[in-house]
Amino acid sequence: MIGRRGWIGLGTVAALIALWFLLTTVTGIVSGARFPSPAEFWLSLRQIWGRGYAGGQLISHALHSLKLVAMGFAVAIATGIPLGLWMGWNRKAEAAINPVFLVIRPIPPLAWIPLAILWLGLGDSAKILVIWFSAFVPSVINTFAGVRNIDRPMIEAARMLGTPRWRMVREVIAPAASPLIFTGLRLSLQASWTTLVAAELVGALVGVGFVLNMAQQDLYPGMILVGMVTVGLLGWATTVLLGMVERRALSWNMAARD
Amino acid sequence: MGSILFQNVDKVFGPASSGVKALDNINLEIAEKEFVAIVGPSGCGKTTCLRMVAGFEAPSAGLISVSGKKVTEPGPDRAVVFQQFALFPWKTVRENIELGLRNKNLPAGERNTLVESALKLMNLETHADAFPHQLSGGMQQRVAIARAYVLDPDVLLMDEPFGALDAQTRVVMQEELVRLARVNPRTVLFITHAVEEAVYLADRVAIMTRRPGRIKEILDVRSIRQAENWDRFQKIEDVMDLESFVHLRTHIWKSLREEKGSQSI
């Protein structure tokens, strides 16, 4: 199951934990007020896992954040991929949409958070909106680039075969663009987590970002670290999941690369 | 059914006033079931001729018609075999061949029969469920030819189809194409820069000038092939040894060399 590379990775993680233990507990070079020791981390973890913290147990915070990312990400790809395909395929669509995009794109996704909260309050819909803003852009841009990079003879072959428009999109354009589409999805997923945590930090009543915010106000380094590690693990798990989907969808392409 | 006609065809790339003239007054008539090869120096516009018959590009002036109908867009009545194969890498061999039939809305049973016979025709039966990247270049081009043949097109357009293959595979494919032309004769427009290939395969060979491309000369190979009975040989090298073959080949070589010689450096 775990290959050579996996073991090396695990070794690095183990070494970092040992170093952490050394700096905080054994030598005390880093004080507990600045960075929690492994023991404090463990206590914080047990607290939020069992009794709960910031209004809920870790599981409910994590699941809530995960749910919002999944929803925002889903909306982003459901809108971003079709728009990217359309812009790549239709020069007029690109001419119409691209200028708007060029203006909106430099606005950091986080800058939408105040507006989203103003519109929709501290609830879930504001976060989904912000995730959508941030995850949408990489999906569109990479899908668009993917379509533009398709070898012309491939499209000509499909036209020569009399492929009708809808089948052309589904069976030729989309699969041909899919390696870059997946690149876009990976960037979108990353952006989804970044913006979600930021949005929860600014205004939320539940979620991992909210845990971080509360722990900061309580001057509680152990809990801050628990929140950070949770975000890291969730981000990692969703990325692995996406990678599995990608490998399955692009099996024809992966094999070609070997 | 199956004739190709070029009538006073010009092609200019870029704006009409300042563009580059690629083709100048092309006139060529290809009869039904005739195999015509166009040879010419690189950049002479021979591929553009084929692309206009395919409907990928429109002539700037003049008319191109296939089976008496003006060409306006690509379609399965004019099947193309590309130099770079242009297979769909996410589809199996069978799915690649089947796509055109699905587009014609044929029922599944009929599609299966046609795909099977195309696989058999190109000796691909054992590779039906392979993906293109699992096949050699020669095999991939067989798939592309099968994909074209299965459409039962009026005309077959081949754009340097063996240009990306190694020398041995190329010879095998040339012999295969001759075999195919006997089993299942088609109107073929064949673009190549390989003179021997053109003489070996074609009924007539059209020689083009350098840009702007014009048709300089059209050679009747068929009458010589029949008179000298080339078809008694199975192998290309035996045909290539014949005096009549060498004579034709040398003639075309000289004609092309003149074009290269007149090129300003």
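# Exercises: ring pairs, interface and fold

Over all chains of this predicted model, the count of aromatic pairs comes to 12.

**Exercise 1. Classify the ring pair W132(A) and F133(A) from its geometry.**

Solution. Two descriptors are needed: a pair of aromatic rings is described by the distance of the centres and the angle of the planes.
- Step 1: the centres of W132(A) and F133(A) lie 5.4 Å apart. The cut-off for a pair is 6.5 Å.
- Step 2: the angle between the planes is 40°. Stacked needs under 30 degrees, edge-to-face over 60.
- Step 3: the pair is therefore tilted.

**Exercise 2. Assign W132(A) to an accessibility class.**

Solution.
- Step 1: the relative accessibility of W132(A) is 24%.
- Step 2: buried means under 20%, exposed over 50%.
- Step 3: W132(A) is therefore partly exposed.
- Step 4: place the residue in its surroundings. Ring pairs join W132(A) to a cluster with F101(A), W112(A), F133(A) and F136(A).

**Exercise 3. Describe the ring pair F88(B) and W90(B).**

Solution.
- Step 1: centre to centre, F88(B) and W90(B) are 6.1 Å apart.
- Step 2: their planes make an angle of 40°, and the pair is tilted.
- Step 3: check accessibility. Both F88(B) and W90(B) are buried.

**Exercise 4. Size the contact between chain B and chain A.**

Solution.
- Step 1: count residues. Chain B gives 23 and chain A gives 20.
- Step 2: take the area. The two chains bury about 2000 Å² between them. Carbon and sulfur atoms carry 66% of it.
- Step 3: find the main contributors in chain B. W90(B), N103(B) and H133(B) lose the most area to chain A. Together they make up 31% of what that side buries.

**Exercise 5. List the polar links between chain B and chain A, then break down the side of chain B.**

Solution.
- Step 1: count salt bridges. There are three between the chains.
- Step 2: inspect one of them. R51(B) pairs with E156(A), and their closest N and O atoms are 2.6 Å apart.
- Step 3: count polar contacts. Eight residue pairs qualify, both residues at pLDDT 80 or more.
- Step 4: locate the elements. β6 (78–81) and α2 (93–103) of chain B each give two or more residues to the side touching chain A. The largest share, four residues, comes from α2(B).
- Step 5: sort by class. This side of chain B has 14 nonpolar, four polar and five charged residues.

**Exercise 6. Summarise the fold of chain A.**

Solution.
- Step 1: chain A has 11 helices and zero strands.
- Step 2: its C-alpha atoms fill a box of roughly 70 × 50 × 30 Å along the principal axes.
- Step 3: of the 258 residues in chain A, 45% are buried.

Key: Residues numbered from 1 in each chain as written. Chains lettered and ligands numbered in written order. Predicted model: local features only at pLDDT ≥ 70, side-chain atom pairs only at ≥ 80, totals over all residues. Heavy atoms only, no water. Contact = heavy atoms within 4.5 Å. Buried area = accessible area lost by both parts, 1.4 Å probe. Salt bridge = Lys/Arg side-chain N within 4 Å of Asp/Glu carboxyl O. Polar contact = N/O pair within 3.5 Å; in protein donor to acceptor, adjacent residues only side chain to side chain. Nonpolar A, V, L, I, M, F, W, Y, C, P; charged D, E, K, R; others polar. Phe/Tyr/Trp six-rings, centres within 6.5 Å; stacked < 30°, edge-to-face > 60°. Buried < 20%, exposed > 50% of the residue type's maximum accessible area, 1.4 Å probe, protein only.
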